[in-house]
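Work through the exercises below with the structure open beside you. Try each task before you read its solution.

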Amino acid sequence: MSSPPPGLTRFFDAVVPILRGDAPASAARAIEPGYSAHDVARLAMFGGMVRRQRALLLEKVFRATCAAWALEAPEGFEEAVAAHLADEGGAEPDYPSIALGFADRVASAAPSWVAEVADWEECLHRLRVVGAPPVDPGLRGPVLARAYSFDVPAWTKAARRGVVARPTASPTPVLAFRDREETLRRLRPGPGHVAALAVARGEATPEALASVVPAEAIATAAAELTELGLLAEPGPRGHTEAR
Amino acid sequence: MTEPRGVGIGLRRSFASDLLRTERRVDWLEIIPENFLGKPGPFRHALEALAGRYPIGAHGVSLSLGGPDPFDDEALAALKSLLDDLAIERMTEHLCFATARGFHSHDLIALPYTEEAVRWAAGRIREAEDRLERPIDVENVSTYARMPGSVMSEGEFVRAVVEEAGCGLLLDVNNVYVSARNASLDPAALLAAMPLSRTRRVHVAGHLDKGAVCIDDHGHPVRDEVWALLGAAVAEIGDVPVLLEWDTDVPALDRVLDEADRARDVVTAALRSRTPQVSLAVSA
């Protein structure tokens, strides 16, 4: 059985464009000329429900982004969602993954602070639902590192409770990861944490960073990040060095 | 793994950790396998812990059993691996299509009720059963529009497919109600038209009644009319595993378990109603 029989093939050829919104529901009359006006109306309604199901995911994931957008412009968010879904075109088999990439679209259409909120909500969705991004060597699990221009995590949390106001600039680095109990954690890293992370990922050595962060501070931060479950347990050699 | 029995609930991310702590009665859990495929992480860890405590059933949403596109080999292999890992003996899926011509609708779309669709869907069910190496029970879906080309009733179609495929039925009584209301039919008549003798499991859920249309959103308490259908179905079918679904606007675990308790009461009463009365009279 490689392809459906002819009648069923004609059905899919006619109905799929209707469900995608690319053809009117009356196109169903190509396979049933007597398809009633009532049937056409019901099929049109159902097609709308199918498309709405996809939009609902983005509206749920990007709730704070929607609120941020509304502060800057009364319209445009729904259009951005529609454009994102149109571009995605139903190609993504994993439902939660439909939301990925929407932050990039926001970045191209909204003020940068709104884009930062979208980026953060996409980070959370990725860590919570979609699945882990690749894990860098030296890390226990996936870590998303960001440097925002204001306290995006706090703003997002408040916005989701209905408290929405334009943010005040306040540079905010943040690490999002899962701890040993797999609870989603956010950490505002200090210079030691950033340096320890760079060392763990093999991007720098403590010696190279010594002029910025003392080696002892890096070691202390590394121990803290290991305890939190962000960094992998060091092997025997690394363990000795950390001590 | 122990097969599901009694009244279970759908495992949802929001209360997975609470389930590990609750002392309230939960007979079994049902998972949506797609939530775990290729997704290691806390939800998967919770599932593995819960599998040691409760029987687990699997309910797929994306096999697209009636669809025109070939099965995704990689996805089927991953699904089989998950089912093997959890020692789940039966799979359940929807009698519908979800993907067609490369378009992933992420919805459950009714097929046209035709002989061609019966043979096509039955063949695909058998193929999926072979590849997953376990039986599949198919679920009647909620319908909102009569698909063009249909020449059979929904009951006739579902019956024909499960008989042709030789598979079991996952009877969703909420879907029966929603479909009947949306087609201006009598829900009890639609229930009676289903191949009830092939029922292996039953689903019950809440829906949104908007008057002109009922939407199967799994986001509300079960309505009295649907409880009545559950009772009628169990009275006819007998003791089968029942599953309470609550998937949107999911409340706290205790509220879901309250609803499961009510399902258990309905099932118990229905089973009692069908128990033959033993006469204690002794002939003189």
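The exercises that follow concern a predicted model.

**Exercise 1. The barrel**

Task: In which order do the eight strands of the chain B barrel close, and what is the sense of their pairing?

Solution:
- Step 1. Go round the barrel strand by strand. The order is β1-β2-β3-β4-β7-β8-β9-β12 in chain B.
- Step 2. Check the direction of pairing. It is parallel.
- Step 3. Add the twist. From one strand to the next it averages 30 degrees.

**Exercise 2. Two neighbouring strands and a helix**

Task: Over how many bridges do β7 and β8 of chain B pair? Which helix lies across β7 of chain B?

Solution:
- Step 1. Find the strands. In chain B, β7 covers residues 136–139 and β8 covers residues 168–172.
- Step 2. Count the bridges. These two strands pair in the parallel sense over three bridges.
- Step 3. Pick out one facing pair. B:E139 is opposite B:L170 of β8(B).
- Step 4. Look for the helix. Helix α4 of chain B, residues 115–132, lies across β4 (91–94) and β7 of chain B. Its angle to β7(B) is about 140 degrees.

**Exercise 3. The two faces of β8**

Task: Which residues of β8(B) point one way, and which the other way?

Solution:
- Step 1. Recall the rule. Side chains in a regular strand alternate between the two faces of the sheet.
- Step 2. Sort the residues. B:G168, B:L170 and B:D172 point one way. B:L169 and B:L171 point the other way.
- Step 3. Judge the cover. Five of the five residues in β8(B) are buried, so the strand counts as mostly covered.

**Exercise 4. Empty space inside**

Task: How many cavities of 30 Å³ or more are there, and which residues line them?

Solution:
- Step 1. Start with the idea. A probe the size of a water molecule, rolled over the atoms, shows where empty space is left.
- Step 2. Count. There are two cavities of 30 Å³ or more.
- Step 3. Take the largest cavity. It holds about 50 Å³. Its lining includes B:L95, B:Y113, B:N140, B:E154 and B:F157. By class, the lining has seven nonpolar, two polar and one charged.
- Step 4. Take the second largest cavity. Its volume is about 30 Å³. Among its lining residues are A:F46, B:L108, B:S142 and B:M147. Here the classes are seven nonpolar, two polar and no charged residues.

**Exercise 5. Positive phi**

Task: Where do B:S64 and B:H218 lie, and are they buried or exposed?

Solution:
- Step 1. Know the background. Most residues other than glycine have a negative phi.
- Step 2. Read the angles. B:S64 is not a glycine, yet its phi is positive, at about 55 degrees. B:H218 is not a glycine either, and its positive phi is about 50 degrees.
- Step 3. Place them. B:S64 is in the loop between β3 (56–59) and α3 (73–85) of chain B. B:H218 is in the loop between β11 (214–215) and α8 (224–237) of chain B.
- Step 4. Apply the cut-off. Buried means under 20% relative accessible area. B:S64 has 4% relative accessibility, so B:S64 is buried. B:H218 has 10%, so B:H218 is buried.

How values were computed. Residues numbered from 1 in each chain as written. Chains lettered and ligands numbered in written order. Predicted model: local features only at pLDDT ≥ 70, side-chain atom pairs only at ≥ 80, totals over all residues. Heavy atoms only, no water. 1 Å grid on protein atoms, 1.4 Å probe; cavity = no way out; pocket = protein on both sides within 12 Å on 5 of 7 lines; lining within 4 Å. Points joined across faces, edges and corners; volume = space filled by probe spheres on them. Nonpolar A, V, L, I, M, F, W, Y, C, P; charged D, E, K, R; others polar. Pairing = 2+ DSSP bridges. Helix = DSSP H or I, 4+ residues; strand = E, 2+ residues; numbered from the N terminus. Axes fitted to C-alpha atoms, helices over the stretch in contact; angles between N-to-C directions. Contact = heavy atoms within 4.5 Å. Buried < 20%, exposed > 50% of the residue type's maximum accessible area, 1.4 Å probe, protein only.
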